[in-house]
Amino acid sequence: MSSIYRNNENDVEIIYTKGAVERILKLCETWTDPTTGAVSSMSVESIDYVEEQMNSLSSQGLRVVGLAEWQKNERESIEQKLHFLGLIGIYDPPRPESLPSVKLCHHAGISVHMATGDHPSTASAIAREVGILPENVSMLPQGVLDSMVMTAPQFDALTEEQIDELPCLPLVIARCAPQTKVRLVEALHRRGQIVAMTGDGVNDSPSLKMSDIGIAMGKNGSDVAKDASDIVLADDNFASILNAVEEGRRMSDNIQKFVIQLLACNVAQALFLLIGWFLKIGTTFLFFQCLLLRSFGLSSLQPASQLWD
C-alpha cells in the first residue's frame, strides 16, 4: 500500500510504500547502509541482512512490515525503484483467554488450525504462545515441523491427493490468501471433519460460507463476513465459542439421557402391563403413576461433568 504526500515548500511529492517485507524488497533499488550511513544499491548481501533482521523480529511474535519511499514527480512509475527505509515491528498480543481456551479445545478433541497472512516466523511464534503449536517445537524433526507449519504457496502447490496423503493437516498456514483458506476447509471436509471457521475480514467470507459453522466477529468484523457467517460473536472472544460448544454438548447429552430413560420406562411399563394382563389381575399401573415414574427418573439424573472428555 502506498501513500503520497506533498511537501508544500518545494512542491515535491514523496511516496511511502509499506507491505510484506519480501515484496517490498523486490521493489527497492537502493538502501541506506546501517554501517556507513551511505546510500548504496541493494545487493544480495543487503537483502540477506534485512531478511535476517526480519526473522529476528518475527521470531519474537512481531508483525514485521517493510517501509520504502520514492521522491520523484512521476506518478506513472510509482512503486518502482524504491529506496528502502527499514522495518517496522508491531506487537499485537494474543488475548489472555486464548491459551486456556486452546488447551480446553485440545482436551475436548477439537483441533485448532491457524490460517493467517502473517510471516511464517511470526505465525509460528504466536501459535506457540497460544498453544496451537507445542512449546518444544524446536526439538521436533524438521520433517514433522515442515508438515505442521506451511506457507500458502507451499500448501497451494499440493494437489488434493497430496494433501489427503499428509498424516495431518498443517496447524499453521502463513501468508494465506482467501483461496488457501477455502482449500483448508475442503481438506478438512474430505477427512470427515466438522469445520467451524472464524474470521473478520472480507477475504474470510468464502471460507466462512463453505465451513459447516461460520463464525464472524461482531465488533471488528466486516459486514461481508457477518453476512457469510452463521454465528456472530458479540464480544469477539474466542472463549465464547467454547461456551457455545459446551451448551451444545450438554443439550446432546440431555437428549441421549432422555431417550434412554424413555425407552427404559416404556419397556418396563409394557412388561408390567403384559404380566397383569396374562395373570388377569387388572391394571398394574395407573396413568398418573406412569407419569410419576418418568418424572422421578429424569429428576434423579445428575448433571454431566465430563462434557469436555
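In this predicted model, the largest nonpolar core (buried Ala, Val, Leu, Ile, Met, Phe, Trp, Tyr and Cys residues joined through side-chain atoms within 4.5 Å) has 16 residues, and those with the most contacts inside it are M114, A127, I132, L133, L171 and V172. At least two residues of this core come from each of α3 (98-107), α4 (120-130) and β9 (172-174), and α4 gives the most, with 4 residues. Helices (H or I, at least four residues) and strands (E, at least two) are DSSP runs, numbered from the N terminus. Residues are numbered from 1 along each chain as its sequence is written. Local features need pLDDT of at least 70 and side-chain atom pairs pLDDT 80 or more, whereas totals for chains, interfaces and linings use all residues, and side-chain values use heavy atoms, without hydrogens and water.

L133 touches S124, A127, R128, M148, V149, L171 and V172, where residues up to four places away in sequence are not counted and contact means heavy atoms within 4.5 Å. Another core, of 14 residues, lies apart from the largest one and includes I15, V21, V50 and F84.

Among the cysteines, C105 counts as buried because its relative accessibility is 3%, whereas C168, at 35%, counts as partly exposed; the classes are buried under 20% relative accessible area, exposed over 50% and partly exposed in between (1.4 Å probe, protein chains only). The count of disulfides, defined as pairs of cysteine sulfur atoms within 2.5 Å, comes to 0.

W277, which lies in helix α11 (residues 238-279), counts as exposed because its relative accessibility is 61%.
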